[in-house]
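User: Hello! I'm new to this protein, so could you walk me through it?

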Amino acid sequence: MPKIPNKSQLLRQTNEQKHEIPVDPDDPELVMEVWVRDISFFDVQRAAQEMLIIGKEGNMSIDLESFWKYAFTHWVVRTNPELTVAELLDLKGDIGQRIAAVLPSPEKVG
């Protein structure tokens, strides 16, 4: 069985991936740019921890809002136009959905 010649293939990369997010359904040329950092195993575990709520009686529930807040504020590293964290969390629903589509989703976390 071949061995991996370079351990960098195993480690989180420090580069960011740029995504163009359409912002106007009537004008596909109008986009915002979003840079997402490479995500480690432990980043995913922290996001999962944010969304799982265990009650006093051992009841468990899922808080998707907390997951997405974590993802948007920790994994999106910059935008063009430049948005503050508050602005990033106040995006229109359809634009937020498009950004969420380029991030790991809750069902892929775990």
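User: Welcome me in with a loop: which two elements flank proline 81?

Analyst: Gladly, and a word on the model comes with it. This is a predicted model, where local features need pLDDT of at least 70, side-chain atom pairs count only at pLDDT 80 or more, and totals for chains, interfaces and linings use all residues. Residues are numbered from 1 along each chain as its sequence is written, and side-chain values use heavy atoms, leaving out hydrogens and water. Helices (DSSP runs of H or I, at least four residues) and strands (E, at least two) are numbered from the N terminus, and the loop holding proline 81 lies between β5 and α3 (85-88).

User: What kind of peptide bond joins asparagine 80 and proline 81?

Analyst: Most peptide bonds are trans. Between asparagine 80 and proline 81, omega is about 10°, and the bond is cis.

User: Is isoleucine 54 buried or exposed?

Analyst: Isoleucine 54 sits in strand β3. Buried means under 20% relative accessible area, exposed over 50%, and partly exposed in between (1.4 Å probe, protein chains only). Because its relative accessibility is 62%, isoleucine 54 counts as exposed.

User: Why do the buried residues of α4 line one face of the helix?

Analyst: Helix α4 (residues 93-100) buries Ile95, Gly96, Ile99 and Ala100. Gly93 and Gln97, on the other side of α4, are exposed. Looking down the axis, and taking directions from the axis to the C-beta atoms, the buried residues line one face because they fall within an arc of 140°.

User: Which elements do the buried residues of α4 pack against?

Analyst: Contact here means heavy atoms within 4.5 Å. By that rule, the partners of the buried α4 residues are β1 (16-22), β2 (31-37), α2 (64-74) and β5 (76-80).
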